[in-house]
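Dear colleague,

Please find below the structure I wished to pass on to you, together with its sequence. My notes on its pockets and overall make-up follow.

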Amino acid sequence: MRDHAWRGVRSRAAALAACALTAALLATGATPAYAAADTEPPTTPGPITVTAIDTTWVELTWAASTDNVGVVSYPVSAQFEDNGRTWSTDTNSIRLTDLQPSRTYTFFVRALDAAGNSSPSTGPLRFTMSPGDDQPPGAPGQPVAYDVAATQVWLRWTHSVENGAVERYQVFRVGAGGALTFVRDVSQYPPVNSTQIGGLTPNTTYTFVVQARDEVGLLSPLSAPVTVTTLPPPPSCAVRSVERQWSDGFVAHLAVTNTGTTAIKGWTMTWRFWASQKVHGIWGAKVVDRPSNGLLRVGNTGRNAVIPPGGTVSLGLVASGTQLPQEITLNGGLCVVADE
């Protein structure tokens, strides 16, 4: 009888010790064994509902998930364009702050249990924040034309001043009487302030303007116009080169012949030229610039601007480095190169 009573006392003591251990684990934040062994994810939360909204915040709620052990948190995601943010709450509602007026967001909610099992996401819920912008952007800066070729041109401009965010720039061609013809959107986010305009006609004058559009759809005034004339069609040309080279430098003599049937009036030449190379001397031409794409661009002098059909101009270069003139172009046209 005493043995039976003693076994009962020991059983109750063991149960009390187990309860104490469980309480200690929970108090210290340790994951209970049953949670670690849990492999069943929570159910998908109910549909997301907007309960309150302003220009920069929104309150969301959804039907709670169920789980065989218990849901511990709800990660909430908001996505705009390619940008995203995530919040977390231990209830089935949340207020999201620091949002942008008039911006369209897509929201998702999922549930997590103590073992880290995740439910599928509910949603998406897509809606646009309340307008907070009633001011159009300022006019973009006057475009500048660069890298002008026979059929294309690059434009760049200074950004518009906007109290919210510029969504895109729109480029227009100005025609007779001021009529505008849409050319293209520049709509990366945030929008860049340069673009290439292609499909142009050689030796033709064009005028372009730029307009900004913000996220609400408000349009800026037009920029000041830029007028640019595309180059003539690339000429046919041949280049003979005579080079003398040493360990870290060279002298190149170039004879450029117009093999086409029309005169070339004003010219620029480019060829491969690495950033580490330096020009120590040049004659028969002048350095125009060194584009960032590893080229050297030179142009005619006042005495050799015109190359008649069958005519030849000569120029020379003393430079450091081992990269000799290659991939030579004349007014955008690739020349045939013959070494001597």
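I begin with the second largest pocket, whose lining comprises six nonpolar, seven polar and one charged residues. This lining amounts to 14 residues, and those nearest the pocket centre are Pro-232, Pro-233, Pro-235, Thr-262 and Ala-263. The space in the second largest pocket comes to about 220 Å³. Please bear in mind throughout that the model is predicted.

The largest pocket has a volume of about 430 Å³. Its lining consists of 20 residues, with Asp-147, Val-148, Ala-149, Thr-270 and Arg-297 lying nearest the centre. Four strands each give two or more residues to this lining, namely β19 (268-272), β21 (286-289), β22 (295-299) and β25 (329-330). By class, the lining of the largest pocket divides into 10 nonpolar, seven polar and three charged residues.

As to the protein as a whole, the secondary structure consists of two helices and 27 strands. The protein has 340 residues, of which 36% count as buried. Among contacts with a separation of 6 or more, 64% join residues that are 24 or more positions apart. The exposed surface of the protein is about 18400 Å², and 53% of this area is supplied by carbon and sulfur atoms.

When you open the model, you may wish to begin with the lining of the largest pocket, including Thr-270 and Arg-297 close to its centre, and then turn to the second largest pocket at Thr-262 and Ala-263.

With kind regards

Note on methods. Residues numbered from 1 in each chain as written. Predicted model: local features only at pLDDT ≥ 70, side-chain atom pairs only at ≥ 80, totals over all residues. Heavy atoms only, no water. 1 Å grid on protein atoms, 1.4 Å probe; cavity = no way out; pocket = protein on both sides within 12 Å on 5 of 7 lines; lining within 4 Å. Points joined across faces, edges and corners; volume = space filled by probe spheres on them. Nonpolar A, V, L, I, M, F, W, Y, C, P; charged D, E, K, R; others polar. Buried < 20%, exposed > 50% of the residue type's maximum accessible area, 1.4 Å probe, protein only. Contact = heavy atoms within 4.5 Å. Areas by Shrake-Rupley, 256 points an atom, 1.4 Å probe, with all protein chains shown as cover.
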